[in-house]
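Dear colleague,

I am passing on the structure we spoke about, and below it you will find my notes on what turned up. Please read them with the model open beside you.

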Amino acid sequence: HVSQNVSQSHLAGGIANAFRSDQTPPFAQMVSQLFSQSNGQQQAGILSRLVGAAGPAAASGLLGNVLGGGVQSSQITPEQAQQVPPSAVHELAAKAEQNNPSIVDEAGSFYAQHPTLVKTLGAGALALVMSHMSQHAG
């Protein structure tokens, strides 16, 4: 409910905070969980961001067998994204975070645009999002 009544930037910060917290599962695990709850359009959106952060070589290694050949972030369609297993998203997110830590903020911003998905993170992560937002309100 709250996620639909706050600014996207507040929500994005809260989500990124939850992604980084040691009180929640690792970033890669949370992203793969959100991915599995997403529609094809949302899946393509987050995959494009992860590919951009991980780099084409890492992405091709992890997704090449699913998507075929070289993987370019701008070329992932919703239909292709739906073929990618959450386990591959987990590996790609881990590689992306290692290669470019700002992907955590980017993913937070992406999921802030889809507040109904954020509900699927579970009570612990939602509590952290709420805590972050209340500390930074005003």
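Is Phe 27 buried or exposed? In this model, which is a predicted one, Phe 27 has a relative accessible area of 2%, and because buried means under 20%, Phe 27 counts as buried.

Aromatic pairs

Searching the whole structure gives three aromatic pairs. One of them joins Phe 19 to Phe 27 in an edge-to-face arrangement, with 5.1 Å from centre to centre and 80 degrees between the planes. Phe 19 is buried as well, its relative accessibility being 2%, so this ring pair brings together two residues that both count as buried.

Phe 19 also pairs with Tyr 111, again edge-to-face, where the centres lie 6.5 Å apart and the planes are at 75 degrees to each other. This pair links distant parts of the chain, since Phe 19 belongs to helix H1 (residues 8-20) and Tyr 111 to helix H7 (residues 103-112), with their positions 92 residues apart in the numbering. For Tyr 111 the relative accessible area is 0%, so Tyr 111 is buried. Taken together, ring pairs connect Phe 19, Phe 27, Phe 110 and Tyr 111 into a cluster.

The salt bridge

Side chains of opposite charge can pair when their charged atoms come close, and a search of the whole structure finds one salt bridge. The partners are Arg 20 and Asp 105, whose closest N and O atoms are 2.9 Å apart. Because Arg 20 lies in helix H1 and Asp 105 in helix H7, the pair ties together parts that are 85 residues apart in sequence. Arg 20 is partly exposed, at 46% relative accessibility, and Asp 105 is likewise partly exposed, with a relative accessible area of 38%. Helices H1 and H7 are thus linked by the ring pair of Phe 19 and Tyr 111 and also by the salt bridge of Arg 20 and Asp 105.

Pro 86

You may also wish to look at Pro 86, which is located in helix H6 (residues 86-99) and is partly exposed, at 37% relative accessibility. Although Pro 86 and Ser 32 are 54 residues apart along the chain, their C-alpha atoms are separated by 5.1 Å. If neighbours within four places in sequence are left aside, Pro 86 is in contact with Ser 32, Phe 35 and Ser 36.

With best wishes

Definitions and conventions: Residues are numbered from 1 along each chain as its sequence is written. This is a predicted model: local features need pLDDT of at least 70, side-chain atom pairs count only at pLDDT 80 or more; totals for chains, interfaces and linings use all residues. Side-chain values use heavy atoms; hydrogens and water are left out. Rings of Phe, Tyr and Trp (its six-membered ring) pair if their centres lie within 6.5 Å; planes under 30 degrees apart count as stacked, over 60 as edge-to-face and the rest as tilted. Buried means under 20% relative accessible area, exposed over 50%, partly exposed in between (1.4 Å probe, protein chains only). Helices (H or I, at least four residues) and strands (E, at least two) are DSSP runs, numbered from the N terminus. Contact means heavy atoms within 4.5 Å. A salt bridge is a side-chain nitrogen of Lys or Arg within 4 Å of a carboxyl oxygen of Asp or Glu.
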